[in-house]
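Hi,

Here is the structure I promised to send over. Have a look first, and then read on for what turned up.

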Amino acid sequence: VQLQASGGGLVQAGGSLRLSCAASGRTISSSAMGWFRQAPGKERGFVAAISWSGDSTVYANSMKGRFTVSRDNAKNTVYLQMNSLKPEDTAIYYCAADTSFHLVTTTPDYWGQGTLVTVSS
């Protein structure tokens, strides 16, 4: 499966962005999907994940209440709605897929290319 993330850009602190991750090559309706991010000079870290059905979601602590992950299996797309953005949210955001909901939060099998989010103060 190929994953294409989009929707990044420059936003002021307090603003919002919605990232999209479109899958191609095969359906993701049976895959758990995740988002990760890598800030400058830091390791890539987990952001959020959603089960194949959308019934279960999990977030990194610093994103709880601000970020929302969702999916539209009919469109083969996963979204990350980011609100109340802070300068420390500046990073390259990556989407990922795995058949396991647990593994998609740690070591997913498939990665997309990243999309850059820059939050100005």
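A quick word on terms before the residues: buried means under 20% relative accessible area, exposed means over 50%, and partly exposed is anything in between. F46 has a relative accessibility of 22%, so it goes down as partly exposed. F36, at 4%, counts as buried because that value is under 20%. Do keep in mind that this is a predicted model.

Now for the rings. The count comes to two aromatic pairs. In one of them, F36 and F46 meet edge-to-face, with 5.7 Å from centre to centre and 75 degrees between the planes. That pair links distant parts of the chain: F36 belongs to strand β4 (residues 32-38) and F46 to strand β5 (residues 45-50), ten residues apart. Add W111 and you have one aromatic cluster, made up of F36, F46 and W111.

Which rings does R44 lie over? Its charged end sits over the ring of Y94, 4.7 Å from the centre. R44 also lies over the face of W111, at 3.8 Å from the ring centre, and W111 is the residue that shares a cluster with F36 and F46.

One more spot, if you have a minute: S62. You'll find S62 in the loop between β6 (57-59) and β7 (67-72). With 44% relative accessibility, S62 counts as partly exposed. Going by C-alpha positions, S62 and M82 are 12 Å apart in space, with their positions 20 residues apart in sequence.

Cheers

Note on methods:
Residues numbered from 1 in each chain as written. Predicted model: local features only at pLDDT ≥ 70, side-chain atom pairs only at ≥ 80, totals over all residues. Heavy atoms only, no water. Phe/Tyr/Trp six-rings, centres within 6.5 Å; stacked < 30°, edge-to-face > 60°. Helix = DSSP H or I, 4+ residues; strand = E, 2+ residues; numbered from the N terminus. Buried < 20%, exposed > 50% of the residue type's maximum accessible area, 1.4 Å probe, protein only. Lys NZ or Arg CZ within 6 Å of the ring centre and 35° of its normal.
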